[in-house]
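Ready for a walk through a structure in your viewer? Have the selection tool at hand, and take the stops one after another.

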Amino acid sequence: MSLAIPDVALIDNSDERAPLVLVLDCSGSMLEENKVGLLNDGLKTLEAELKNDPITARCGRVLVISFGGDNNVEIMGDWTDAMDFTPPALMAGGLTPLGTAMKCALDEVESQKAQMRSAGVSYKRPIIMLLSDGEPTDDWRPVAADCKNAESAHKVNVMAIGIGEQANGQILGAFSNKGALNLNGLKFKELFIWLSRSIQAVSRATSGTTVQLNPVDSWAQVQT
Amino acid sequence: MAAPLHWQVFLASAAGSHHLESAAPCQDAGHYLVAGTTLVGVVCDGAGSASHGREGADFVARSIAQWLHETAADALAAPVASQTIAAVLERARGQLEALALAGARSLRDYACTVVGCLATAGNAFFFHLGDGYAVYRDASGACTVSPPENGEFADQTYFLSEAGWMQHLRVTILPVPQRGCLIGLMSDGTAPFAINRRRDGFFAPFIDPVVNYLRTAAPDEGARALLGVLADEKTFAITADDKTLLLALAA
C-alpha cells in the first residue's frame, strides 16, 4: 500500500510547446468525392483529440495554412494553443501552389521558434504535415530541397501525405527524407487521431535521433 | 564537538503513462551509497529511442555510485574530483560497451543520461551529462542548480553512449554540506513539477510538504511515500515520461 504525503502540489511549471503546422490542399480537385468536406470533418476530430488529452491540450501549438484559388496561400488565423484550436471551414477551388505554401510553413515555424525563444519557452521539434490530392502548379523544387535540408538539420519533422490516387507521391515524397505516405480510402478521421497522438510521441522522444512515429496502419495505404 | 552530519536518502522511480500504456518498464534508474558523511547518488534516464535504455541506465547508475564511493573515501580537491568523476564515467562507458558487444548490440542501444552528486565531509559536487536536474538547497533556502543541457529542442539531449560525451560533462562545485541542506537529483520527467518556473530551485509547494514528511519517515516508508507522489495520476496530466527523484536530507 502506498503512503500518501498530504498537501503536495502537482502542477506543470515547464511551459513546453510542441508546434504543428497543417498545410492543406484546397485546390479545385478537393471538391471531387467531397474530399474537402471530409477534411473539414477530420479537422474537427483533430480538435476533439487535441483537447481531450491534457498534455497535448497544453503543449500543442497549431497553425493552419491552406493553398488553392488563384495561386493563393492563406494563413488561417494565428498560431493557437491546442486547447483553443478551432478548425477553419475550408473551401476548395483553383490551383495548387504547394511549393509556396510549404515555404510559408517553413518561415512560420522559424518565426514561431524565434518568438518562443525570446519568451524563454522551450519547445519540441515542430511538425509540418502536408496534405495534397494532386501535384503542384508552382515551382516546388527549391522548396522541397529546403524542407529536406531543414529535416536533416533536425529543424523540423515533415510528413507528406497524398490524398487519393491522383496525388503525386513522387513529388510529395521530395518534401521529406521519409518520403510520402498515401491516405487509405479518405480516412481523414483516423489520420488526425494518429496525428494528435504523434504530437505526444514528439513530446516523449528524448534524443536527437530520428523522431519515432506511431504505426500508421490505421490510415495509410499499404505499399504493394 | 558536534556529531557528524548524517544523510537521510529517499529514492523512487515511477513509470510514465507512455510506458504504462505499452506495458513497458520504466527507463529511469537510480542508485546511492552512504557511508558516514559520504554520499554518492546517481540518477540515469535511459533514452526512449534506445532498445536497452533501461539496462543502460541501471548499469551506469549502479557502477558510478559504487566506483565513486570506493574512490571518494577521502575528501577530493575540486580539480581532482572532476578528473575522478570523468574517469569513473569513462570506465562505466567502457564496461557498457563491452556489455553491448557481448550482446551483439551497439552502445547506442544503452543510451542514458547521468545526473549525480558526490558529497564528503570536506566538499561536494554535482556531475551532470544531458537532461534532468540537480538542486542543492542550503538551510537558509539558497539554491545551486545544475540545469539540463538540451540542444535546440526540449526533446534533445546528450548521452553517455555518444562519442563526444566528455565535452558535455558538467561538474558543479557545491558548498560544504551542512545540517539542514537538501540535495535533489531528478530525471526530466520529474522536473516540470519539482522545479520552479524560474528554474533556479525547487518548486516550494511540491518540495516542502515532501521534505517535511520525509524528515520524520523511516527509510522504507519514506521511499514508498515518495513513490506514491511520483506515481500519482495527477502527474499524467503533466508528463507522459518516467519520473525519478532522489532526495538526500542532511541531519
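Start in chain B, with two helices that pass each other. Select helix H2 (residues 53–71) and helix H3 (residues 78–102) of chain B. H2(B) passes H3(B) in a right-handed crossing. The two axes come within 9 Å and cross at roughly 140°. Angles over 145 degrees would count as roughly antiparallel, and 65 to 115 as roughly perpendicular; H2(B) and H3(B) are therefore oblique to each other. In general, two packed helices are described by the angle between their axes and the distance between the axes.

Before going further, please keep in mind that this is a predicted model.

Now show the side chains where these helices meet. On the H2(B) side, pick B:Gly56, B:Phe59, B:Val60, B:Ser63, B:Ile64, B:Trp67, B:Leu68 and B:Thr71. On the H3(B) side, pick B:Thr84, B:Ile85, B:Val88, B:Leu89, B:Arg91, B:Ala92, B:Gln95, B:Leu96 and B:Leu99. Colour them by class, and the contact of H2(B) with H3(B) shows eleven nonpolar, five polar and one charged residues.

**Past the end of H3(B)**

Follow the chain onward from H3 into the loop that leads to strand S4 (112–119) of chain B, and stop at B:Ala104. Is B:Ala104 buried or exposed? Count the C-beta atoms around B:Ala104: there are 6 others within 10 Å. A residue with 12 or fewer counts as exposed, so B:Ala104 is exposed. Check the backbone here too, as phi of B:Ala104 is near 55°, a positive value in a residue other than glycine.

**A histidine in a strand**

Next, select strand S5 (residues 124–129) of chain B and find B:His128 in it. Here 25 other C-beta atoms lie within 10 Å. The cut-off for a buried residue is 20 or more, so B:His128 is buried. Which residues does B:His128 touch, not counting those up to four places away in sequence? They are B:Val115, B:Ala134, B:Ser146 and B:Arg170. Try the distance tool on one of these pairs: B:His128 and B:Val115 are 13 residues apart in sequence, yet their C-alpha atoms are 4.4 Å apart in space.

**Zoom out to chain B**

Switch to a cartoon of chain B, and you can look for six helices and ten strands. The radius of gyration is 17 Å, close to the 18 Å that the globule rule gives for 251 residues, so chain B is as compact as a globular protein of that length. Its C-alpha atoms fill a box of roughly 55 × 45 × 35 Å along the principal axes. Of its 251 residues, 51% count as buried. Among contacts in chain B with a separation of 6 or more, 70% are between residues 24 or more positions apart.

**Over to chain A**

Now select chain A, where six helices and seven strands await. Trace the chain from its start and the pattern reads β-α-α-β-β-β-α-β-α-β-α-β-α. The C-alpha trace spans about 60 × 35 × 35 Å along its principal axes. A compact globule of 224 residues would have a radius of gyration near 17 Å, and the 18 Å of chain A agrees with that. In chain A, 45% of the 224 residues count as buried. Of its contacts between residues at least 6 apart in sequence, 78% join residues at least 24 apart.

**Two loops of chain A**

Go to the loop between strand S4 (80–81) and helix H3 (98–118) of chain A, and pick out A:Pro88. With 15 C-beta neighbours inside 10 Å, A:Pro88 counts as partly exposed. Beyond its neighbours within four places in sequence, A:Pro88 is in contact with A:Val64, A:Met76 and A:Gly77. The C-alpha atoms of A:Pro88 and A:Gly77 are separated by 8.4 Å, with these positions eleven residues apart along the chain counted as their spacing.

Then move to the loop between helix H4 (141–152) and strand S6 (157–163) of chain A, home of A:His154. Phi of A:His154 is near 60°, a positive value in a residue other than glycine. A:His154 is partly exposed, with 16 other C-beta atoms within 10 Å.

**Last stop: where the chains meet**

Show both chains together. How many residues does each chain bring to the contact? Chain A gives 30 residues and chain B gives 37 residues. On the side of chain A that touches chain B, helix H2 (54–59) and helix H6 (188–204) of chain A are the elements that give two or more residues. H6(A) gives the most, with four residues. Coloured by class, this side of chain A has 13 nonpolar, eleven polar and six charged residues.

Technical notes. Residues numbered from 1 in each chain as written. Chains lettered and ligands numbered in written order. Predicted model: local features only at pLDDT ≥ 70, side-chain atom pairs only at ≥ 80, totals over all residues. Contact = placed C-beta atoms within 7 Å. Nonpolar A, V, L, I, M, F, W, Y, C, P; charged D, E, K, R; others polar. Axes fitted to C-alpha atoms, helices over the stretch in contact; angles between N-to-C directions. Parallel < 35°, antiparallel > 145°, perpendicular 65-115°, else oblique. Left-handed = near helix turned anticlockwise from the far one by under 90°. Rg over C-alpha atoms; globule rule 2.2 N^0.38 Å.
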